[in-house]
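Biologist: I have a fold here that I'd love to go through with you. Could you help me read its packing and its backbone?

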Amino acid sequence: MIAGYFFFPLFARLSTDTISIVFLSAETALVFLVVGAFLSFLFNAVVIAWVFIFVLAIILRRYWSRPSKNKKTIGVSQFIGLILLLAWISIVKLSFLSGLSYPLYSDSAYHFDLINQILGGKLSSLLFSANGLPNYYHYGFHSIAALSSLISNLSIEKSMLIVGQVLQITIPLSFYPIGKMLTHKAWGGILAVTIAAFGWPMPAYASQWGKYPAILSVQFFLWFYSIYLLIQKNDIPKKRLFSFLFTLMCLFIGLIFHTRIVIIIVLFFVIQKLFEHNTTVKKDTHLNLFLFVALLGNLILLYINDFEDFQHIYIKYLQESGLTALLLLFFARFFRHQSKQLFYQQVIFIVFLLVMLNIPIPHGLLNRNAEYLIDRPFLEIILFIPLTLIMAIAVTNFTNMLLISGKRIRSLRIYRAVAIVFLGAMSVFTYPIRSSCCVILDPPNIAVIQRIKAELPSNAKILIAAGTWSSYYDAGIWISPLTGIQTVNWSYDTDFDKDVLLSLCKQSVIYIYVGNTAYSFGRLSLQNANSGQELFQVNGVSLFKLDCQDIPLESGR
């Protein structure tokens with residue numbers, strides 16, 4: 001918060017909107033809190049972390065020295081509407097936490113373990129592997145969750161849940177300065193906030209996947225987007241150089257948040273430069289045709305090459321957001337000539353996102369199993385940004401056209417209020433509820449894992465189920481983070497024949513965890529093996545113990 005307070009007068013010199021100043025200051029505080037937390041845990045020294053922030057602020061003060069002219073404040077009715085909207089967003093987003101003890105999906109177990117190691121002072125050893133490649137490439141969320149747990153004395157899982165849902169509140173609010181600057185209307189900013197909060201399943205659904213680092217990286221990108229636009233719209237010394245240096249700085253900081261957000265920032269910067277000197281868009285028809293063919297072509301290639309990914313994107317942005325998508329298509333026709341390049345920027349952004357979905361990462365660049373520049377979940381999470389801005393700009397243009405066409409429409413404010421209430425009401429029906437596919441750690445699994453921690457020796461080894469490419473797990477993935485007991489991954493569809501059992505006994509893996517998901521071991525297969533016993537069982541979740549004395553020393557004898 002000190003960083004946000006320090007930057008407040010700097011934003012006040014650039015912005016003409018009090019609400020934008022407040023939001024930008026709060027976003028800056030959040031971004032630098034993440035950076036400060038990361039550096040604090042990395043160097044085990046809080047002082048080093050915050051020196052970076054204040055040195056940067058002093059440098060920026062040199063450039064942001066001219067006060068903004070024609071200071072404007074938001075209207076009373078708009079301010080009240082924004083407060084009510086914030087309250088509704090907070091209620092809807094935080095309701096996701098109701099009755100939830102642990103974060104969802106198997107990714108969350110990995111994040112839990114990393115946060116636990118960071119709290120143990122192991123961040124520096126986590127950054128690089130023995131061959132010098134990065135072990136993991138987005139420690140921003142883990143650092144801020146660890147700091148939150150440390151300060152509030154909350155458990156790691158509670159800290160993850162709360163930080164994750166707070167981000168789900170701040171992300172829509174970050175659209176206000178962007179919408180306000182692109183539409184030149186406070187109404188445009190409020191509309192962008194509403195669409196981002198309730199118009200699309202993303203990024204809300206990403207909480208079900210445990211994609212908290214990606215969610216935080218969206219917040220960072222929106223902060224970068226806002227500051228970049230603010231720089232471009234103000235007369236500051238050496239603007240082009242300063243915008244380049246600011247982008248370069250964000251590329252390095254972005255590595256703390258998520259490596260893929262660095263790719264998104266580069267893409268954004270390149271597109272901005274392409275349109276920087278083109279105040280008018282020439283040959284509208286040809287460009288429209290090109291973009292339509294490029295977009296359609298990429299979708300067809302995605303359909304042919306990876307139908308599963310295509311289906312996921314279709315479900316999230318058409319099937320589950322059908323009404324919003326229809327409204328987007330309707331209002332997109334109301335882009336006026338002076339805002340056409342904004343429309344083209346967003347569409348080109350979408351086209352290149354789809355292109356990068358098929359561009360492979362050079363082998364060995366990262367010590368991870370990432371295959372492409374953008375993967376399907378990250379694309380789904382990012383895609384709502386250009387779609388939200390397209391719709392916000394188009395609807396604002398539509399209402400402006402109503403104002404200047406013939407008689408002034410006095411009831412336009414009523415129409416706008418109805419639109420906000422309508423989109424807010426949509427949240428009741430469209431906001432993602434917890435899906436059964438993502439609830440990995442439910443009460444029966446928690447009960448069994450607690451018994452494992454209490455009754456098994458610390459040097460035990462437990463077999464847990466893993467899906468294809470070891471990317472899907474049942475609740476067994478949580479055993480090691482929660483108990484410290486070693487686990488061994490094994491294909492969930494194994495039939496536990498004599499060869500498998502012999503191999504497990506040779507590795508001293510005598511415990512087998514059987515969960516209650518589609519990627520759990522088959523209970524019948526274990527029972528038919530007749531080589532062990534069920535130690536305990538809670539509502540379909542159980543732990544088996546092998547009796548290696550009943551298994552032949554060599555298979556086939």
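Biologist: Which residues touch the most other members of the largest nonpolar core, and which helix gives the largest share of this core?

Modeller: Happy to help; bear in mind that this is a predicted model. The largest nonpolar core has 148 residues, and those touching the most other members are Phe175, Phe221, Trp223, Ile452, Ile462, Trp478 and Tyr513. As for the largest share, 16 residues of this core come from helix H11.

Biologist: Where does another core lie, and how many residues does it have?

Modeller: It lies apart from the largest one, and its members include Val488, Val509, Val514 and Phe544. The number of residues in this other core is 16.

Biologist: What is Trp478 in contact with, leaving aside neighbours within four places in sequence?

Modeller: Some partners come later in the sequence list: Ile440, Leu441 and Ile449 are among them. The others in contact with Trp478 are Tyr102, Pro103, Tyr105, Ser108, Ala109 and Phe112.

Biologist: Which peptide bond is cis, and what is its omega?

Modeller: Look at the loop between helix H10 and H11, where Pro203 is found. The cis bond runs from Met202 to Pro203, with omega near 5 degrees.

Biologist: Is His184 buried or exposed?

Modeller: His184 sits in the loop between helix H9 and H10, and its phi is positive, near 60 degrees, though it is not a glycine. Its relative accessible area is 60% and the cut-off is over 50%, so His184 counts as exposed.

Biologist: What is the relative accessible area of Ser508?

Modeller: Ser508 lies in the loop between helix H22 and strand E3, and has a positive phi of about 60 degrees without being a glycine. Ser508 is partly exposed, at 46%.

Definitions and conventions. Residues are numbered from 1 along each chain as its sequence is written. This is a predicted model: local features need pLDDT of at least 70, side-chain atom pairs count only at pLDDT 80 or more; totals for chains, interfaces and linings use all residues. Side-chain values use heavy atoms; hydrogens and water are left out. A nonpolar core is a set of buried Ala, Val, Leu, Ile, Met, Phe, Trp, Tyr and Cys residues joined through side-chain atoms within 4.5 Å. Buried means under 20% relative accessible area, exposed over 50%, partly exposed in between (1.4 Å probe, protein chains only). Helices (H or I, at least four residues) and strands (E, at least two) are DSSP runs, numbered from the N terminus. Contact means heavy atoms within 4.5 Å.
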